[in-house]
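Hi there,

Here is the structure I promised to pass on to you. Have a look at it first, and then read on for my notes.

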Amino acid sequence: MTTQPAKSEAAGGVGRRPAGHRLLWPALILLALLLGNLAFHHDFFSVRVRDGHLYGSLIDILQFGAPLILVALGMTLVIATRGIDLSVGSTVAIAGALACGHISTAARPGSVATMLTAVALALGVALALGLANGFLVSGLGVQPIVATLILMVAGRGVAQLITDGQIITVTSAPYKMIGGGYWLTFPFAVLLAAGLVALTAFVTRRSALGMLIESVGGNPAASRLVGIRAGGLLALVYVVSALCAAVAGLMISSNVSSADGNNAGLWIELDAILAVVVGGTALTGGRFSVGGTVLGALIIQTLSTTVYTLGVPPETSLVFKAFVVIVVCLVQSPVFRAKVLRRRRTTTPRSHTTAGAAPQQQEAGA
Amino acid sequence: MASPSTTPRPTDAGGPRPVLEAQGIRKQFPGVLALDGVALRLFPGEVHALMGENGAGKSTLIKVLTGVHPADGGTLVVDGRPHAFADPLQAQQAGISTVYQEVNLCPNISVAENILIGREPRRFGLIHWSAMRQRAAELLTELDLDLDVTSLLDSHSLAVQQLVAIVRAVDVSAKVLVLDEPTSSLDREEVAQLFTLVRRLRDRGVAILFVTHFIDQVFDLCDRVTVLRNGQLEGEYPIGELTPVTLVQRMIGGELATLDQLSGRSHEGAAVRAAGVPFLRARQLTRTGSIEPYDLDIHAGEVIGLAGLLGSGRTEVARLLFGADGADAGEVSIEGEKVVLRTPRHAIARGIAFCSENRKSEGLVGELTVRENIILALQAARGWTRPLARATQDELARHWIEALDIRPADPEAQVRHLSGGNQQKVLLARWLLTAPRLLILDEPTRGIDIGAKAEIQKLVARLAGEGTSVLFISAELEEVLRLSHRIAVLRDHRMVATLANDDTVTPERLLTTIATGTDS
Ligand SMILES: Nc1ncnc2c1ncn2[C@@H]1O[C@H](COP(=O)(O)OP(=O)(O)OP(=O)(O)O)[C@@H](O)[C@H]1O
Ligand SMILES: [Mg+2]
């Protein structure tokens, strides 16, 4: 009998986590937040169709959360490589400013062609910005936080230069579609974000990209010795991050039909980092979860919405948000959960341990 | 066999009281019952071996006793008082000092800081740096180690890091010293020094728990043995009741069929192989500060052993050939064609594989699964756009898990949850499956149990028989002698001799060459 392994491999093996397990806590937290809202507003879950468009608090959360989901999506890949991208907020502002600037000076601001060139312009510049970040990090070996801090600060200035310090207002129906339009009753921004999330998840998991990114983030030295071309991967994730931020910037400026170099995307990098972490991707790199990030972004967005719906006074709203974030992080921490559980468990068995030990002591000494 | 010692032997009737006594220890990991009712007794002034196959639960037992993992059951009595340590610090404060299997020091601070961190000598509330350096240097001399204590820890080889970890543990005035495979990458010299230190501590009354896969070290040093098998207690024996053969039988629960089936040496046809254009030829290859210019020819199907003391430059020779470090001068040709091996990628593209000695920091990606770690080199060579089909991945993982007997046999387990020896096997599998032309193995059997070690040696011999060239680095001379066709000897960062491994090469002759730098 003893020759047979005592360990049960039937139970699913060591450390194997069911795929959904990692998403369990973020999902529960999101659910709790939504139910909390329901307690205050009984129509919180109701979704109505009006003029062929969906309306409701849940739809609002999705629509206003779409840019954050996108920024957090790019951030997820960057963080998985042990990096961080602080420049996304500035990229959001630059993209909006470029697009609106182009449309406002175009001959036919309302045409589809103008909209397309505006989008292409914003994405092209974002591509260049992402490459610059990638080059600083992988080519020159600058620490990601420093490398992207440069663009975070300088980019905000660039956005203001583009808008001349003003708020550029545009009237373009095709452009309005990106952030404020509807398609098949759904907000177009939500569909766009969902499409990009699905695409990213598909590409990273169906190709070897996801695994190689996790390898580079999980153990850079080993990844080099195994022959992974980390440089290219790093450049790629910063480009993806910048492109995601640019699309988010287009959504934001399109939604309000204007570009504000000062305030567009301000502090969104922090919300995005928070969303990634709440979604279960560690800042130390390695394993990442696109699904977790989406849930994380929705949690952050729901929180912002809750602050309004509860009527929390503006001066305490940030404190309230911070408090909830801390609770969320604690609930997710296995160490914290273990401590709480252990405390509860040890109240009884501690005495048992002591009692059980005494006879053995005698036995050994006898 | 068992070295006679002056310390009183614990007897069941009226002997000294155990300083540490654990009973009925249980530890359940998700899907694995790692420990099932294990008991352990340590008496003051004894060296106690904890033995068992890879994955038997040795490290887990140590971690549970010292508060790294909470136990799921059982009792622990230290010094007559029941304890349940919530973290390793508490264990240390209770007088249990531990060197865990995977060195966990801080790579980017100095050796001195690593040794004394947490108990730095202070003056006026500030760290007294010069006193700290002096104290650290003193402690190192106890192990006859001559290191610059201000140098960064990660500028040293794994073996030195292992010694630093031991020095750090020894400094704490401990009642119990736990050493989990401290000798896995040490040479004879360091092992001897470590043993002297351990005996000194034992004579001072410290209880030492010692884990190793080297059977002879157990008989050399230990007074009693606890054997684990598959997470269960097999038994506790005075060393005098065991022989190497019976000990191994207790560990594996049967006869060891494969041990020493490998004929003394495997150099049939060495002369034939050594003729013609070598697969790899290095001429005056050098890197300033790490290795003096060396020449090396490796023919197809040839096993070249690298021998030398700790820090003699064995690993450095290998790293240049793999492009892990860039060479400053010299040239390399592969099958007669000049090549520049600037990065590992270049070397891999030429069919070279390098299995690093440091599986934790340079080898495995702990968060990835066994399957992902096994296919990583192959996938990296293909690039991210050409993923291996999942069915192929599963097939490869299954094949190598079986071939190397990786336990648990679960391709989706996270590698960091595997036992040390099983992790080492995963690393080997990764490179073996790339079917390299030249396989560089740096301490490939580090931490691997006695049965699996014989398997791996056979595998290396078989690969060479099939035409793969192997560069074999090991601190274990017997292993080098058994497998190599030729042995290159290194001393003080210089390749001082290359010996054809025929019957005239004895361990003694090799040791003399290593020590003097000349072949007598
Ligand atoms: N953190 C963990 N999570 C899940 N399983 C674990 C964990 N740590 C250890 N195990 C499992 O527990 C078992 C015992 O592992 P342990 O590390 O104690 O073995 P060991 O006897 O030290 O082996 P080795 O000689 O290879 O070092 C193994 O099956 C291992 O996979
Ligand atoms: Mg172990």
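In chain B, seven residues of domain 1 are in contact with twelve residues of domain 2. Please keep in mind that this is a predicted model. The domain assignment gives chain B a domain 1 made of 1–95 + 214–255 and a domain 2 made of 302–324 + 339–516. Both domains are thus written as two segments each. The C-alpha centres of domain 1 and domain 2 of chain B are 31 Å apart.

Where does ligand 1 come in? Because domain 1 and domain 2 of chain B both give residues to the shell around ligand 1, the ligand lies between them. Ligand 1 also lies between chains A and B, which you may want to bear in mind when you look at the site.

Now for the shell itself. Ligand 1 is surrounded by 22 residues, and the closest are Gly55(B), Ser59(B), Thr60(B), Ser419(B) and Gly421(B). Sorted by character, the shell holds eleven polar, seven nonpolar and four charged residues. Three elements of chain B supply at least two shell residues each: strand E2 (32–42), helix H1 (58–65) and helix H15 (420–432). Which of the elements gives the most to the shell? That is H1(B), with three residues.

I also looked at the oxygen atoms of ligand 1, with these results:

- Ser419(B): an N or O atom in its side chain is 2.7 Å from an oxygen atom of ligand 1.
- Gly55(B): here a polar backbone atom is 2.8 Å from an oxygen atom of the ligand.
- Glu181(B): a polar side-chain atom lies 3.5 Å from an oxygen atom of ligand 1.

As for how much of the ligand is covered, ligand 1 on its own has 640 Å² of accessible area, and the protein covers 94% of that.

Finally, a few words on chain A. This chain has 366 residues, and buried residues make up 47% of them. Its secondary structure comprises 15 helices and six strands. If we take the contacts in chain A between residues at least 6 apart in sequence, 77% of them join residues at least 24 apart. The accessible surface of chain A is about 17,000 Å², and carbon and sulfur atoms account for 69% of it.

Happy to hear your thoughts once you have had a look.

Best wishes

Conventions
Residues numbered from 1 in each chain as written. Chains lettered and ligands numbered in written order. Predicted model: local features only at pLDDT ≥ 70, side-chain atom pairs only at ≥ 80, totals over all residues. Heavy atoms only, no water. Near = heavy atom within 4 Å. Polar contact = N/O pair within 3.5 Å; in protein donor to acceptor, adjacent residues only side chain to side chain. Areas by Shrake-Rupley, 256 points an atom, 1.4 Å probe, with all protein chains shown as cover. Helix = DSSP H or I, 4+ residues; strand = E, 2+ residues; numbered from the N terminus. Nonpolar A, V, L, I, M, F, W, Y, C, P; charged D, E, K, R; others polar. Domains from an automatic or database assignment. Buried < 20%, exposed > 50% of the residue type's maximum accessible area, 1.4 Å probe, protein only. Contact = heavy atoms within 4.5 Å.
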